[in-house]
Amino acid sequence: MNEKHVNVVSVRDFELASVPQAFSTPVVIRDLDRVDVVQKCYGELVANAGEQLLEECFKFGVNCLLHFVEQNFLGPPCDLSSSEFAILRDSTSNNLVCEEYLACDGEEAYLRCRYPILLLISRQTFVDCFEYFVDKFPTTRWWALRVLSIWQSLFRNRQNKIKKILEDQLKPSHGWLTYVRKFDTSLRAQLSIEIANICSFYFCYEQASEMLRSAMLVLRLNVRLTGKYGRRTYHQPCEVPQLVLDVCSAEDSCAEAEEEALHVEALAGVLPKNLPLEDDSLLDQLKLLDVDEKRPLTALEQCAIAAQMVLWEAKTARSPFSQLELSAYLREILKNPRCWSVQAASLYKRSSLEKGNMKTVERALRQIGELVHCFYGSGASAQQRFPLFFATSMPPIWQLRVLNANLLLSLGCVKDALQDYLDLDMVDMVVQCYNRLDLKEQCEKYVRSKLEVKETPALLCHLADITEDEECYVKAWRLSGERYARAQFSLAKLYFKKQLYEQTIEACQKAATIQPLEFSTWYLLGYVSLQAKNFSTALQAYGHCVLIEPDHAEAWNNFAVAALELKEEDRAYRVLKEALRCSYEDKRIWKNFTLVSVRVGRVMDAIEGYHKLVDLGVAVDDMQILGTLVKLCNDADLKAKFESTFRRKLCELFGRLTSQKSNCPELWRLYSELYNPDHVGMDCDLEKYCKLCERAFYCRKKQFELRMEFSSAAEVLEYAVNLAKSKLRLATHLENGDLDATAVRMSAKIACEQILNMIKKEFCMEKKKQNDHDTVDEVMFNSISDLQALCTQL
């Protein structure tokens, strides 16, 4: 690198530049104490700065960001001296910065964060004044990326504004991979991991995968999930397969691992403690039958594994099995602690996973308490806390405390959780706690008291949630300058509750335009559009849903339904294949898949679908689709299009279906058509064909005997005609005078005459024919005539 840069040549220099230093504020803004004036003067300073002053501003921006991280993410928090930066003494400016300068689309940044002015200065340095630094300092994009990541952490929801800055302004014209290659080999992996993390967060899965592959290639690391025999509980009688993470790393990294091990000894007393489980049945760690002796992972390798876990979690739908896979990743990372920030971030992640399990929730609560204590404790220095922080997904302190309150809530300690939420000023969770305590009046009083201090779109929406007042949502929308997406989404839910579908669609579209990263907005839009028969809108909405959550089976299924309604069968087929990948055991998806497969001519897939439905215990009753399959199989013009095994596979399917539902005459009739000599040719099995026709006839006859209706008599006669024809054909095929042939004729004749007499007697056919011939169904008389003629031949 020939460009001018600030202490970023080697890993060691970069780490030194990544630890907060004493403030050296540019003279122009040192004594200013108003946010707007600071911003204006600092922007002018950077725009007109010479090379030396520009380097000073660059360092100042880095230092502001690092101090903000120390105050809010790594700890311990402390009061910063205002002698070098006068605005730091004005605590009232904090709310102003969060509500106006760091706000995104009407949503304010977290108000309780410490010294947000520092983040604002670093954002102005690396984002707003990006063009002045990018050509002179190659790490400008890197620091800007970090600023965006920290800025995003001040919000509960993903911010589309920040994503657009990342894509439109920061992304290099030749791609991130090209940019990464500008750096030392030892720095490439770290930068690739940081890019992968933020791309995963914003659903840019392809870009994240590409950067992660780059990091793994540099580290020569290979990671895969596998199974090993072991025990998970104390009382397990024998070893069973357990899900573990198999990590293969380069042997020449041993020297680096040994060097890190020396630093770990010094860190041993200050690293966040990994607390034991202390459960009567679950083991604290898996007890594997065979344990591979491998070198401990380096801290950077642990970051790479954590980044892969983040990407995998973002792409995968939540399920009990996905929890096991995430646990396997975390066990490997926590096995050998190497770095303060990696250890803290991994313990936080494990605690959030353990929240829903009653056997592990107590450990999660104790673990979060330990992490909060580490944040406020002075055991570890900044040099020990900061390394690789930006390559982890370490949350700010308030998120740790929110998780602690969530754990209390899951244990039923609602009042304790409520107090924590009140201290953190988490209004939505306070409202939830009041509702659980059935204190609606107190909840409304709390929100109104907040509104008396200052009206904000968020507070108006919370009040509207309590009172179900549509006007409050409208007021919140207008107050935000029509930029607060939550107001429109909440309004859409209210309209949906009242079944006002058109208004719901309109409100969802407004919310999605401003905040297109919210899955719930697109999903509601798609669902309501389906109900309102607005299939093109539903198709677009569910398309966004599956981009955000690629493993959401319900979204894929509804996506296919919308495509099917728009007559886009081929697209629906491809979409349902994806839906099955996400949820292979879903009965509704398999039903839709078989229907679409028949429509697009994928008959073998349709047969596979029916087999799966039988495996799932679903009663197959759509005779129209089965009839279509039989028709396709018997159509002489279409036979060449399908596999030679189509008829055999279809016969196997009907064998299973008739054993599952043995009293369905239509099913037996369709089954018999697969052996009909008119379609199969001379090689057909006539005896099998006759047996199937006979079974179909007797099933239909039994139904007719239970409930004799004039409208169904013609159908019974049709079954009888098919039986007579099949028996006559079989008898003709047999040798003349053979006893078997005679028996075949007699059995058919008896059955046909019996049903003829039954119908004539029940409906007085002779009398009706003489007196009122016009009132009798002509089809029935034709069937009777045909059957009588066949009986004569028999």
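**Exercise 1.** Find which residue of strand S3 is the bridge partner of Thr233, and then work out how S1 pairs with its partner strands.

*Solution.* In this predicted model, where local features need pLDDT of at least 70, side-chain atom pairs count only at pLDDT 80 or more, and totals for chains, interfaces and linings use all residues, the partner of Thr233 in S3 is Leu282. Residues are numbered from 1 along each chain as its sequence is written, and side-chain values use heavy atoms, with hydrogens and water left out. Strands are DSSP runs of E with at least two residues, helices runs of H or I with at least four, numbered from the N terminus, and two strands pair if DSSP finds at least two bridges between them. S1 (residues 221–233) and S3 (residues 282–288) pair in the antiparallel sense over three bridges. S1 also pairs in the antiparallel sense with S2 (residues 240–249), over ten bridges, with Gly227 opposite Leu243, and six residues lie between S1 and S2 in this hairpin.

**Exercise 2.** Identify the buried residues of helix H30 and the helices that help to cover them.

*Solution.* Begin with H30 itself, which runs over residues 569–582 and reaches 20 Å from its first C-alpha to its last, close to the 20 Å expected at 1.5 Å a residue, the expected span being 1.5 Å times one less than the number of residues. Its buried residues (under 20% relative accessible area, 1.4 Å probe, protein chains only) are Ala572, Tyr573, Val575, Leu576, Ala579 and Leu580. Among what covers these residues are H29 (553–565), H31 (587–599) and H32 (603–615).

Terms used:
Buried < 20%, exposed > 50% of the residue type's maximum accessible area, 1.4 Å probe, protein only. Contact = heavy atoms within 4.5 Å.
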